[in-house]
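Reader: I would like to go through the chain contacts of a model. Please give the general idea each time, and then the case at hand.

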There are 4 protein chains.
Amino acid sequence: MAITGVLRSALMQLRVLDLEAAVSHYVNIVGLDEVGRTEDGRVLLKGYDEFEHHSFVLRKAEVAGMDFIGFKVESDDFLSDLAVKTEAFGLPIAWVDANTDQPGFGRRLTVQVPTGHRFDFFADVELAEDRPMLRNPDIWQKEPHGMRAQCFDHALLYGPNSTETVRYCKEVLKMAPVEELLAPGGDGIVCTWLTSSNRMHDIAVLEYDQPGKLHHVGFKLEDWNAIGNAADLISINDVSLDAGPMRHGVTRGLTIYFFDPSGNRNETYAGGYAHFPDMPVRQWDFDQAGKGIFYYTRELNDRFLSVVT
Amino acid sequence: MAITGVLRSALMQLRVLDLEAAVSHYVNIVGLDEVGRTEDGRVLLKGYDEFEHHSFVLRKAEVAGMDFIGFKVESDDFLSDLAVKTEAFGLPIAWVDANTDQPGFGRRLTVQVPTGHRFDFFADVELAEDRPMLRNPDIWQKEPHGMRAQCFDHALLYGPNSTETVRYCKEVLKMAPVEELLAPGGDGIVCTWLTSSNRMHDIAVLEYDQPGKLHHVGFKLEDWNAIGNAADLISINDVSLDAGPMRHGVTRGLTIYFFDPSGNRNETYAGGYAHFPDMPVRQWDFDQAGKGIFYYTRELNDRFLSVVT
Amino acid sequence: MAITGVLRSALMQLRVLDLEAAVSHYVNIVGLDEVGRTEDGRVLLKGYDEFEHHSFVLRKAEVAGMDFIGFKVESDDFLSDLAVKTEAFGLPIAWVDANTDQPGFGRRLTVQVPTGHRFDFFADVELAEDRPMLRNPDIWQKEPHGMRAQCFDHALLYGPNSTETVRYCKEVLKMAPVEELLAPGGDGIVCTWLTSSNRMHDIAVLEYDQPGKLHHVGFKLEDWNAIGNAADLISINDVSLDAGPMRHGVTRGLTIYFFDPSGNRNETYAGGYAHFPDMPVRQWDFDQAGKGIFYYTRELNDRFLSVVT
Amino acid sequence: MAITGVLRSALMQLRVLDLEAAVSHYVNIVGLDEVGRTEDGRVLLKGYDEFEHHSFVLRKAEVAGMDFIGFKVESDDFLSDLAVKTEAFGLPIAWVDANTDQPGFGRRLTVQVPTGHRFDFFADVELAEDRPMLRNPDIWQKEPHGMRAQCFDHALLYGPNSTETVRYCKEVLKMAPVEELLAPGGDGIVCTWLTSSNRMHDIAVLEYDQPGKLHHVGFKLEDWNAIGNAADLISINDVSLDAGPMRHGVTRGLTIYFFDPSGNRNETYAGGYAHFPDMPVRQWDFDQAGKGIFYYTRELNDRFLSVVT
C-alpha cells in the first residue's frame, strides 16, 4: 500500500454537558448513527460511510472539550515501532488494552503531545455492522439523514508549544504540512494543517496559551449543496451558528461552523483540493488570516478566535 | 510523508488523428490549458489545479490510442530502487533521459507491462508557470473554463494477461485494489481498480484480447453540478456522447463519458469515496457489471464494451 | 392579481393496479405525504410545498392511467363564466358538487376535451393542515423526504384531435403555448406545451391515435442536485427507470423519468426558464425531437415513444 | 394569456460614478452583455436569457442610485388604460416617445410614485440580437460568463409613504403581495414584497424617510451552486461583499449581496417558491426581521439596514 504508517484521524472522544442533548444533536442533526453505549454511559457513534466499529464518542462531564483524538495506523508492528520512536522523540507513552474503554478496538498507544492533547494510535478495529457494502454495493445501506455526515474527519487543536507538536507530527508521524499560517512579520508559524493522505487535514495545530483546547471537530459532507442543506438544518433546528456557509481560503474547502449544545464547535465541510506530499506548502501571511479562514467576508469574527472548549 | 512510493498517475501521452481538432477539444471543451509544443509537434497540456509542467500530451498519429501513462514517485532514489524491483519481477525496463521528449521532466523509467501498455515513472518535474498559488492563494489564478477539468486523473487499460499487470501493480508498485469485477462464476477477476492514494483509482485494468488498448482517460471535476455542465457543453458543442450523466456503482463516482474527435474515450468524473488501504476490497459479480458501471440504467451498452483505441 | 383566470394544474386522479404499492411509491420514494383516504378507498396525497387539501389521488382500478386532471381557477364567478364559454366552444360540461368525491374541494366544472381526457376546474379548496407556514415561516414545517417532490406540476396527455384540445386551451382557458413540436415537413403541430403562468407547462398535448392516454405526470424538484438524488433513490429502491438524469431541450428543464409500480410514467423535474406570454413560441422540427426531449443523447428511445397508460 | 396586465419588472436605469468601472463590473463579474451605447454615453446591457433589446442601463452621474424602474405590460391598449387609471388614483403621469432615450423601446408611460421613485411602463420592445433561440433552441447561444446572471429581476425601493406606493401597486397595477414585514407591535407594514407573476417579487417597498432610494437591484441565477460561484468571483475580484451566501426566510430564496464600484447594492439570487395569487400572504413580525432576511445568521447587520443609494 502506498498510504503507509499513520493512515488517518479516526476517533474522537468528546466531553459534553448534557448527554442526551448531545446525542440528539450528533444523530438527528449532524447525521451520525448511534452504535451502542458503554457500561460507564458513554455513547458510541459513527458516520454512514465509515467501516470501523465507531469513530466518535460522547462522554458526560462537567467541562466540555476533547478527551483525545485517535489515529488509525497500518499495522500492529507499526504501532510497536511508533512507541519506540515516540519515546526517542522525548514524549511519554502509555498503552491501553484492547476492548477496554473502546469496544471493538485493539490495543492503543497513547501519547501526551506538547500542546497538552492526548493522541491515541491503534491498528485494529472491528468492522461495524452498518457500514459500506462489499458485494455489489449500493451507495448506502440505509438512506443518510440530517446533514449526512460521512465520517469524522479532523480536529483543530489549540495549545502552547505548537511547534513541538507539529515537529512530532512531521518527524515521527510523517504527516505532511499542507498549509501554514505565518506569525506576524513572518517570524514563525502560528497554525499548521497536517495530513497523512490526500485529505486536506487530519489535524491542524494552532499556538494558544492554554493547553489541550479544542477549536472544532470536523465532519465530511458531499459537496456545496450538502453545506447548504446543513445551513438549513442549523436554522430550522435552532442550532447555534458560528460562521458560514462559506469557503475557506486554506484548503479551498466549503464549510459551515456551528456549536453542539455543550458549546463544542462543529464544522461540516466538503471540497478542497487533494493533497500529495510532493506539493509545495501553501502559506498565509498573518494579516491575510481573515481571507485564509473566511474566504468571502475576509474578516475573522471574535467568537471564532476566542471560543474554544 | 505518509503517501509513499508511487504517488499518482500524472502523465498521459495520447495519439490523435487531427491535432488541431484535438487541441480544440481538450482546451475549449474539457478545459485544459496549452503549456507549449515540442519540436516534433506534440502539444503539452495541463489542468488548472496541477503543479507539474504538463500532464497530458497530444501526438498526431495514424491510429488513435495511448503511447504511455506516467506515474510520479516520491524520489529519485525510489526510482532507482523501482528499476531493480521491476527487473526482479521479470519485466524489461529502459530509461529516458531528463528533458528529452518531455520538457520539464527528470529522467524516466519505462516499463512494458504484460497487458501491452507502457508505464513511465519519474520523480522530478518542474513546476508549471500557471499553477495553484502558494502565498495567500486564491482558489485559482485565472478562472477555469470549459468543463473545468482540474487534472488528468486515471485511465482504464484493456489488454491480455491483466492478472500479471495487476500483480505488478500490487507487488512492486504497492498499489491497492479498490474494487474488483469478478469473472462469470466468480472464477477470477475481469477488472481491477487500483490506487496509490485516497483517489478512487490511478488505473483500472481489464482483461481483453488485444494488447495496449485504452478504454478511456479520466479527468477530475468538482461535483455533480460540474458533471451537468459537462453534459451541457457536450450537447452544445456536438461532442459525441457515450454515456451519462450518471453515477457509477464502482467507486460511487459521478460521471459522463464522451469521445474526442479521434475516437479516444474521455471521462469527466467527480465524487466517490476516499479509499484507504485498510478498507476491504469491494467486489462485483459479473452479472452485476451493469449496475457497477451504469448505476442508474444498470445496463452496459455495446459501444461502452466494444469501442477502445 | 396579474395571474388571472386559470391559475394552474393542481389535481390529478390516477388509476393504479396495486394501491398499497402505489402509496409506498409516491410517499416513500417520490416524497408526497398521505393526507387521508376516502370511503371508497382512494388515497389523497400532496407535496410539502402545496397549500391545498390534496393534489394527487390514487384509485385502485383494473387498468392504469388517469381519471382526470384538475385546474384551479381564480374565482367561482370565473368558474361560472368558464362553463358558458366552454359550451359555446362546443364541449359538453357537467358539475360535481362540493365535498363529494374530493374532500375539501368546492364545486367542480368537468369538461371532456377532444383528446378524450377529462379536465376539472375548481375555485375553492380548503387549506391543508401540513402546508407552508404563514407567520415567520421556516422553509418547511417538517423535513421533506424521498425525492422531495414539492408539488404536482404537470401532465403530458396523448390523444387524437390534439389540435382541438390545444385550441380550447388557448381560446377558452387562455393558456399560452410555450413550445411546439412541428409535424414532419412542418405541416402542423404534433405536440404543444401549454402554461397559465411562468411555469414551463401545466399540460402538454401530443397527437396520438388512442384517446385519453397519459404519457407522464410531473412533479417539481428543487434543482439538478435533487434530480441526482432522485436518480440514486430510483436505483437503490429498484424503481423502473425510463430515462435520465438529463436535460430537456424543450423548456431547458432538468429531468428524470421512471415508472410507478402500475406502469404510470413519472417525471421529476427542475429548472427551465420562466415563461411570459410576450415570449415568442419556441419551435422544434420533427427531426430534432430527439434533441428537444433528450438534450444529451439526442435520441428518443422506443419505450419513451410507445409506453402510455 | 393568463398572466395579464403588468407582466414584470424589465428595465432599470442606474446612476454610477465611474462608467467604465461599472461596465466592467456588470459585464465581467455579474455576467451581463453590453448591447450598445447611447449618444449621451449611457451603456445598455442585458442578461443572456432575456428577449428584449436591453434591460439594464448605466448612466454616469455625480450621485449613485436609480433613475427609474420599468415594467413591461401586455399591450399598448393596456398602457393607455393604465394612464387613465393612474391619474384616477391621483398620481401624475407623463409620456416618453418611442425610441428616444431607450433605443428599441416603444412609448413609455412614466409615473412618480409616492415613495419618490419613477416607474416606467411600456408594451413594445424590439427583440435583442443575442437572445434565447427560437428554432430547435440550444440552452444558450453563447456560453454565459461571470456570475451567469440570467436577467434583471427586481429592486428593493426605500422611501416615505410606502403604504401609498404599495396601494398603487395592488389596486392599479394588480400586483400581488407575496410577503410582508409587520411594524413593531403589528401596527402596519414596514415592507411589502410584490409580484405580477410566479416570480417572488418584481419590487419590494420599504418605509424610509428619504425618497427615491434604492436598496438593491436583483439578478436571477440558476441555483445554489451558482450562488457559490458568485461568492467565489466576488472574493477573487475584490468586489465589496455585503452579506451571504445565504438563504432568505422571505421568499426562501438563495442569495448573496455585494456592491458595484459606485456603491449600488447588487443581489444575485436563485430558488424560492413559485407564487400564485391564491396563496395566503406570508407575514413576518418585526422582531423576526433578522430571520426573514438573513435566514442563517438571523441578525441584520448595520450596513444592510443603513446603506442605500
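Author: What follows takes the symmetry and then two interfaces in turn. Keep in mind that this is a predicted model.

Reader: What rotation superposes chain A on chain B?

Author: In general, two copies of a chain are related by a rotation about an axis and a shift along it. Here the rotation is 180° with 0.0 Å of shift along its axis, and the RMSD is 0.0 Å. That is the relation of a two-fold axis. Ile3(A) is the residue of chain A that comes closest to the axis, with its C-alpha at 2.2 Å.

Reader: How much area do chain A and chain B bury between them?

Author: The size of an interface is often given as the accessible area lost when the parts come together. For chain A and chain B this is about 4,500 Å², of which 52% lies on carbon and sulfur atoms. On the side of chain A, the residues that lose the most area to chain B are Ala2(A), Asn136(A) and Ile139(A), together 14% of what that side buries. The contact draws 47 residues from chain A and 47 residues from chain B.

Reader: How many salt bridges and polar contacts cross the interface of chain A and chain B?

Author: The rule finds 10 salt bridges and 30 residue pairs in polar contact. One of the salt bridges joins Asp49(A) to Arg252(B), with the closest N and O atoms 2.7 Å apart. Two elements of chain A, β1 (6-16) and β17 (282-284), give two or more residues to the side that touches chain B. By class, that side has 21 nonpolar, 10 polar and 16 charged residues.

Reader: Now the other interface. Which residues of chain A lose the most area to chain D?

Author: Begin with the area: chain A and chain D bury about 1,500 Å² between them, 50% of it on carbon and sulfur atoms. Trp224(A), Ser235(A) and Tyr296(A) lose the most in chain A, together 40% of what that side buries. In this interface 15 residues of chain A are in contact with 15 residues of chain D.

Reader: Which element gives the most to the side of chain A that touches chain D?

Author: Take the polar pairs before the elements. Between chain A and chain D the rule finds 4 salt bridges and 11 residue pairs in polar contact. Arg247(A) and Asp232(D) meet through their side chains in a salt bridge, at 2.7 Å from N to O. Both α4 (224-236) and β14 (240-247) of chain A supply at least two residues to the side that touches chain D. α4(A) gives the most, with 7 residues. By class, the side of chain A that touches chain D has 7 nonpolar, 4 polar and 4 charged residues.

Terms used: Residues are numbered from 1 along each chain as its sequence is written. Chains are lettered from A and ligands numbered from 1 in the order in which they are written. This is a predicted model: local features need pLDDT of at least 70, side-chain atom pairs count only at pLDDT 80 or more; totals for chains, interfaces and linings use all residues. Side-chain values use heavy atoms; hydrogens and water are left out. Copies are superposed by least squares on the C-alpha atoms of residues with pLDDT of at least 70 in both. Contact means heavy atoms within 4.5 Å. Buried area is the accessible area (1.4 Å probe) that two parts lose on being put together, summed over both. A polar contact is a pair of N or O atoms within 3.5 Å; within protein, one must be able to donate a hydrogen and the other to accept it, and residues adjacent in sequence count only if both atoms are side-chain atoms. Helices (H or I, at least four residues) and strands (E, at least two) are DSSP runs, numbered from the N terminus. Ala, Val, Leu, Ile, Met, Phe, Trp, Tyr, Cys and Pro count as nonpolar, Asp, Glu, Lys and Arg as charged, and the others, Gly among them, as polar.
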